[in-house]
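Thanks for making the time this morning. I would like to walk through one structure with you, going from the ligand outwards to a few helices and some backbone details.

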Amino acid sequence: MTAQQRWQAAMMDNYGTPALELVRGEGATVFDADGTPYLDLVGGIAVNALGHAHPAVVKAVSEQVATLGHTSNLYINPVALSLAETLLDVAGLSGKVLFCNSGAEAVEGATKITRLTGKSKLVACDGGFHGRTMGALSVTGQPSKREPFEPLLPDVTHVPFGDAAALESAVDGDTAAVFIEPVLGEGGVVPAPDGFLQAAREITSNAGALLVLDEVQTGIGRLGSWFAFQQAGVTPDVITLAKGLGGGLPLGAVIGVGEAGELLKPGQHGTTFGGNPIACAAGLAVIRTIREHGLLDHVDTLGKDLAAGVAKLDHPLVSEVRGTGLLQGIGLTKPVAPAVATAAQRAGYLVNPVRPDTIRLAPPLIITERQVVDFLAALPAALDHGLQAGQES
Ligand SMILES: *Cc1c(COP(=O)(O)O)cnc(C)c1O
């Protein structure tokens with residue numbers, strides 16, 4: 001039996017059947033069972049910040065699992081404590097941290113925190129993605145993902161992403177919080193228009209509502225700064241993190257800034273695995289490596305090279321390049337992103353057709369200049385393939 005046949009027999013049909021099986025990775029390269037290499041510009045969906053098998057992560061995780069693998073939150077574990085202090089340090093904020101195991105769980109935690117304001121109305125954005133659990137799905141602004149699971153949380157309103165006037169009219173004194181992704185990630189790599197996050201900060205402050213920034217995808221260096229809120233120059237009340245934080249291990253976090261960090265009281269929330277020492281050791285290794293290797297500047301430079309390089313191809317299928325740092329979206333003039341991704345894969349490059357008309361690039365932050373140049377050289381042929389597919393259909 002092929003891996004695909006075994007998958008179909010044993011795995012719920014929730015992801016379809018993937019066309020490619022990966023068995024090994026090194027740096028920004030992954031390998032299939034035949035040993036064929038692929039340059040990984042998906043990065044496990046913006047997760048593998050340090051690529052694959054990074055020595056710092058391997059060492060931190062191996063040493064921790066051999067020392068103390070799990071404690072639960074009935075005990076202090078020094079690794080989670082250090083990671084919380086380190087996160088607050090790189091965020092440049094005073095606040096408190098709650099660890100969990102995924103992005104949806106971070107949003108779930110943030111949602112529960114907003115209830116402790118005594119208000120229940122939530123406002124979020126069309127096209128936003130906040131995860132698949134029932135609470136996180138309630139703020140997610142993608143009807144096709146929501147509808148099969150309704151009824152969801154009541155009192156959630158969605159406004160067009162980037163529309164400050166619509167946000168202002170949706171938020172009132174009964175609003176507990178506004179949830180925003182600084183860049184729509186799953187929504188197709190759409191950065192918030194200039195001024196939107198600042199307007200959201202002003203609107204929420206005036207109404208006495210919390211501003212929750214979902215930085216699950218944009219946080220931990222992805223945009224060339226530790227967090228997107230730092231580039232926007234706004235201070236949110238709550239920040240959700242996951243994806244890149246654990247360098248490949250399941251790790252999420254909620255940061256409550258100032259008073260928002262004081263809302264949860266003993267017994268109100270919890271997770272057995274949250275703050276697991278192995279995952280937190282990986283998180284510490286990620287942050288230390290980003291610092292020691294100057295990766296924020298590297299991301300900034302290579303992100304600009306990548307975006308400029310794609311634009312310079314001047315390819316008829318490319319309508320625009322959107323994004324910041326190493327979260328870039330290639331907008332296509334036709335809905336042929338899957339065909340482009342398939343052609344790229346055949347040429348040895350993994351890219352993500354996040355929307356029918358958008359290719360998402362979220363490579364490891366350690367991708368090299370040489371690898372970006374190689375990708376840019378291979379991209380036109382994959383785009384040509386997309387154009388052909390568009391003409392045939
Ligand atoms: C991926 C993502 C989530 C959900 O994270 P999971 O780990 O898949 O639960 C939430 N918010 C944003 C912005 C994301 O990109």
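**Helix H9 and outwards**

Let me begin with helix H9, where the buried residues (under 20% relative accessible area with a 1.4 Å probe and protein chains only, as against exposed at over 50% and partly exposed in between) are Phe196, Leu197, Ala199, Ala200, Arg201, Ile203, Thr204 and Ala207. Before going further, please keep in mind that this is a predicted model, in which local features need pLDDT of at least 70 and side-chain atom pairs count only at pLDDT 80 or more, while totals for chains, interfaces and linings use all residues. Residues are numbered from 1 along each chain as its sequence is written, and side-chain values use heavy atoms, with hydrogens and water left out.

When I name helices (H or I, at least four residues) and strands (E, at least two), these are DSSP runs numbered from the N terminus. The twelve residues of H9, residues 196-207, should span 16 Å at 1.5 Å a residue, where the expected span is 1.5 Å times one less than the number of residues, and the end C-alpha atoms are indeed 16 Å apart, so the two agree. Among the elements that cover the buried residues of H9 are strand E5 (121-125), helix H8 (164-170), strand E7 (175-180), E10 and H10, with contact meaning heavy atoms within 4.5 Å. Just after the helix, Gly208 takes a positive phi of about 70°.

Now to the ligand. Which residues surround the ligand? They are Ser102, Gly103, Ala104, Phe129, His130, Gly131, Glu181, Asp214, Val216, Gln217 and Lys243, where the criterion is a residue heavy atom within 4 Å. For polar contacts I use pairs of N or O atoms within 3.5 Å; within protein, one must be able to donate a hydrogen and the other to accept it, and residues adjacent in sequence count only if both atoms are side-chain atoms. An oxygen atom of the ligand is 2.8 Å from a polar backbone atom of Gly103, an oxygen atom is 2.7 Å from a polar backbone atom of Ala104, and a nitrogen atom is 3.3 Å from a polar backbone atom of Phe129. The protein covers 82% of the 390 Å² of accessible area that the ligand has on its own, by the Shrake-Rupley method with a 1.4 Å probe.

Lys243, one of the surrounding residues, is where an unreviewed UniProt entry places the feature "modified residue: N6-(pyridoxal phosphate)lysine"; such annotations, given in the numbering used here with shortened feature names, may be inferred rather than shown by experiment. Lys243 sits in the loop between strand E11 (238-241) and strand E12 (252-257), and at 19% relative accessibility it counts as buried. Leaving aside neighbours within four places in sequence, Lys243 is in contact with Ile45, Ala46, Val47, Glu186, Val216, Gln217 and Leu251.

The unreviewed UniProt entry also places the feature "binding site" at Gly103, Ala104, Phe129, Asp214, Glu215, Val216, Gln217 and Thr272. These span 170 residues in sequence, and the farthest two C-alpha atoms are 25.2 Å apart, so they do not all gather at one spot. Is Glu215 buried or exposed? Glu215 is buried, with a relative accessible area of 0%, and lies in the loop between strand E10 (210-214) and H10.

Helix H4 offers a second check on geometry: its 14 residues, 78-91, should span 20 Å, and its end C-alpha atoms are 20 Å apart, which agrees. At its N-terminal end Asn77 acts as a cap, with a side-chain oxygen 3.0 Å from the backbone nitrogen of Val79, and just after the helix Gly92 takes a positive phi of about 70°. The buried residues of H4 pack against elements including helix H3 (55-65), strand E4 (95-100) and helix H11 (277-292).

Finally, some backbone details. Most residues other than glycine have a negative phi, and most peptide bonds are trans. Here, the peptide bond from Glu150 to Pro151 is cis, with omega near 5°, and Pro151 lies in the loop between helix H7 (143-146) and strand E6 (156-159). Ala53 has a positive phi of about 55° although it is not a glycine, and at 52% relative accessibility Ala53 counts as exposed. Asp314 likewise has a positive phi, near 50°, and at 66% relative accessibility Asp314 counts as exposed.
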